[in-house]
Every structure is written in structure tokens, then in C-alpha cells.
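Reader: I'd like to go through a structure with you, feature by feature. Could you show me how to read each one?

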Amino acid sequence: MNVLKNTKNLLCAAGILLTTLLAACGGGGEQGRDPILGLPAADLVSVSVTPATSTFLIGATAQLTATASYSDGTSRNVTTLSSWTSASPTVAAVSPAGGLVTGLTAGSAAIGASFGGKSGAGTVTVTAPIPVPVPTPTLTSIAVTPAAPSIVIGASQQFIATGTYSNASTAVITNAVVWTSVTPSVASIAASGSAAGLVAGTSTIRATQGTVIGSATLTVTAAPPVVVVPPVVVIPPVVVIPPVVVIPPVVVIPPVGGGLDLGRASSFAVLAGTAITNNSGGTTLITGDVGSPSQTTDPTQAAGFTNYKSGAILEGALADLQVAITDANSRTCTVSSASGIDLGGLVLTPGVYCYAGSINITGTFTMNGPGVYIFRTASTLNATANAIVALTGGATSENVYWVPVGPTTLGANGAFKGSILGQSAAITVGDNTTLLTGRVLSAAAVTLRNNQITK
């Protein structure tokens, strides 16, 4: 009896175990149920995108998140498992499998995420950055040049006003300032900045714009007495041979308008009263003497010439430069203009050309015919890049002189001719520009860059 009872118990236990194994393996018609609990799998209900709305700038990025929700109330992050699209790809682009959005242009775009047959979307707004207003530069100082000129009674002097602004830029503002003479009995000054000497003495010349004032000192001296040299009377010898023949004297007519005498400055191809700035390791070659008390990099010179940094020769050259400039400014103008000029495309014959405004050279300027050419400007001398100064018909560079009151700037890759005589303003020679027959002489600073200059 006991044996039979135990056998029944073992068979029942085995039946229960077999039923459990069948359920665990999905047997008995229970396909699709949870393998542990035997419950049905939860269905995907929806996919949502967060944040639902977002705003960022052009060029910025934003990370969106896709969340799947199930029928049993659970949810999971499916960002990297979803397929992402942008309804307006020109406004915002989205990585196909990552949900990272990049703003391209201003506007709005719907960003969608698809997973398991369900889709959700969010809206992004892309905005343009607000530009930061650039403050208008203000005038900080005014420089009046020349700083300390001297003229005789009855002569005139053109002053130039150069403004420096808060952004470190500069501009010629001669016609935008109010000119005054502190001692008007000594010198008067016009609205254009042209002063006239009245009596011997000194006067401070001021240029004012708003609260900013710049000044220079003008010295007026008495004109030197005119020495009247009596004519030399040549009495021809009387030959008493009947009939008496009187041989008249030979009258020699001196040439009119000779060239300027540069004196001790004539041997210099480059001369600067304050400093020479020259690029190191460049191709600058100077055929002529060089002189300046300060030189960043000594220019390379052709054999037989000297670089003077001090001494009597340098001082004498600078002094004779001023004498030559005074001579040039005393010549009677063949052409006199109250404005400036662009010489590009013109062909001029010898003469003294005087301009109150800037002299500019654009393209090719030609001088034709033998004689002296003097170009004076109360403003600046400028040549554009690739500008050419040409000589034809017997015109020679040793008889060409440029005498600006303001700074001189020659553009790159140009071919210039003649001697530039700067009384008190800087001269800048552009990269690879040549003066194969010319000089660069200034009482101020000279800047060189890969230039060939032959006096």
C-alpha cells in the first residue's frame, strides 16, 4: 500500500513539472505571452519628441529626444533607434539616426521621429543673431602740417589738417575744419587753409572741429631787399680805320626755368629726416647714397655708395633739400588749380603745375618734350597700384620734380619717374614699385618694400 501511494505522488509531481516546462517553452497554444509570467507582450502606442518646441540661432545645434510609450504604461528612450526627418531641410537639418538638429536659416521647421510604425514631431525655430552696432568713430586729434613753416611778407602757405579717429584711422579733413589765425595782423588764413603773410612776426594757425583743435606756428619774415644790379655796359672798341666800324656787344640770353639744384642731396637716392622702414629679407636695391638717423633694416646698396646715419653730410643733404623745395615753391605756376587732379591718361609738356588738392595717378601718365617739369600740391601725392609714369619726346627724369605738402603714397607694382621732395611729410613706396630714374627725399619718414631705386 505504501509503495503504491508513493508511486502516485511521484507521477503527480512529474505531471506538474511537465506542464510548467510546456508553458515556459510556449507550448499549449500560448504563443506571444511573456516567457516568465505568461502575459501578453505590451503594444507600442505612440512616439513623442521632446522638447516639443525649441528656439536657437543660425549655426547652433539642439538635441531632440524620441520616447516610445506602450499600452502597459511603460516608456523607453528610442532616440538612436528612430528615423529622423526635417520638414524644412533648408531651415534646419537633423541627423538621420541621432536627433541632433542644426540651424541653417531663419524660420521654423517640424522635426519628425519614426519608430515601430509610430511617429512624433517637434517644432524648432531658427533665428538670426542680432547684429551688434558698430560705434561711429570719433575725432580724437588733428595734426596740422607743415608744423612750423616760414614765409616772407606777401607769400602764402597752404596748411593741411589730418584727423585721427578713435578707431586709429586717419583722414585729410582740410576742408572740414574751421581755420583761424591767433594773430590775424601777422597772417590771415582762408577757409581752405591757405595762409597769407601780412607783416613780420609769428602767428599760431589753428584747425578746429568741434572741441578738437590742432595747430601750427607760421613765421612771417620781411622780404629780403631787392638788389638792383646796374647793367654792365660794354663799350666796344673804336677802331679808327676809315670808315669807323663799331662792333656791338654780344648779348647772351640765359635759359629760362632751369632744373632745381639739389646741392648736397643730389647724391642721395633715399633720404629721410626721421626714419627709414625697410622690410628684412626683401629685394630692395638702392643705386645711390642712403641717409637717415634711424633705419629698421639697412637697404641693400649698389657698390660705390654710402649709407649715412649721422654727421655733416647727412645734415647738409637735409638742409639743401629744404632749399630746393623753397626754390620749387617760388616758381611761377604754368597751371594753377584750386582743386586736385588725376594725371592718369594725360600727356603734358614742360611747366610748373600747381594744385590745391591731391595729385593722383591712375594708369599711365606721360610727359612729352625736353624741359623742366615741377608738380606742386598743397595736399597729397598718390599713385594707384600698377601706375606708370612715362617719358617721351626727350623728357628726362632728372628734370622731373614732385613737391607735395602732404604725404606721398605710391601703390604696388608701379613704375615711377622723377624726384619726390617731401618738405615735412612721409613717403611710402609700395611693394615692388620701382624708381629706376628718380629719388625719394623727405624731411620726415620713408617706407620701402622690395623696391629698386636709382638716382
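Reader: Let's start with strand pairing. Which residue in β4 does L44 stand opposite?

Author: One thing before that: this is a predicted model. Now, to read a pairing, go across from one strand to its neighbour and see who faces whom. Here L44 stands opposite Y70 in β4. The strands involved are β1 and β4, the latter covering residues 65–70, and they run antiparallel with six bridges between them.

Reader: Which sheet does that pair sit in, and what is the strand order?

Author: The pair belongs to an open, three-stranded sheet ordered β1-β4-β5, with antiparallel pairing. For the edges, look for strands that pair on one side only: those are β1 (44–50) and β5 (75–77). Going from one strand to the next, the twist averages 25°.

Reader: On to the cysteines. How many disulfides does a search of the whole structure find?

Author: The general idea is that a disulfide is a covalent bond between the sulfur atoms of two cysteines. In this model the search turns up one. C333 and C354 are the partners, with 2.0 Å from S to S.

Reader: Where in the chain are those two?

Author: They're 21 residues apart, and the bond ties together distant parts of the chain. C333 lies in the loop between α2 (312–330) and β29 (335–337), while C354 is in strand β32, residues 351–355.

Reader: Is the disulfide left-handed or right-handed?

Author: For that, check the torsion about the S-S bond. It comes to about -95° for C333 and C354, so this disulfide is left-handed.

Reader: And which of the words buried, partly exposed or exposed fits C333, and which fits C354?

Author: Go by relative accessible area: under 20% is buried and over 50% is exposed, with partly exposed in between. C333 has 28%, so call C333 partly exposed. C354 has 7%, so C354 counts as buried.

Reader: Last feature: how many cavities of 30 Å³ or more does a search of the whole structure find?

Author: The search finds one, with a volume of about 50 Å³. To read a cavity, ask which residues line it. Among them here are A383, T384, L410, F416 and T433. Two elements, β37 (388–392) and β40 (415–422), each give two or more residues to the lining.

Reader: What classes of residue make up the lining of that cavity?

Author: Count them by class and you get seven nonpolar and four polar residues, with no charged ones.

Methods: Residues numbered from 1 in each chain as written. Predicted model: local features only at pLDDT ≥ 70, side-chain atom pairs only at ≥ 80, totals over all residues. Heavy atoms only, no water. Pairing = 2+ DSSP bridges. Helix = DSSP H or I, 4+ residues; strand = E, 2+ residues; numbered from the N terminus. Axes fitted to C-alpha atoms, helices over the stretch in contact; angles between N-to-C directions. Disulfide = S-S within 2.5 Å. Buried < 20%, exposed > 50% of the residue type's maximum accessible area, 1.4 Å probe, protein only. 1 Å grid on protein atoms, 1.4 Å probe; cavity = no way out; pocket = protein on both sides within 12 Å on 5 of 7 lines; lining within 4 Å. Points joined across faces, edges and corners; volume = space filled by probe spheres on them. Nonpolar A, V, L, I, M, F, W, Y, C, P; charged D, E, K, R; others polar.
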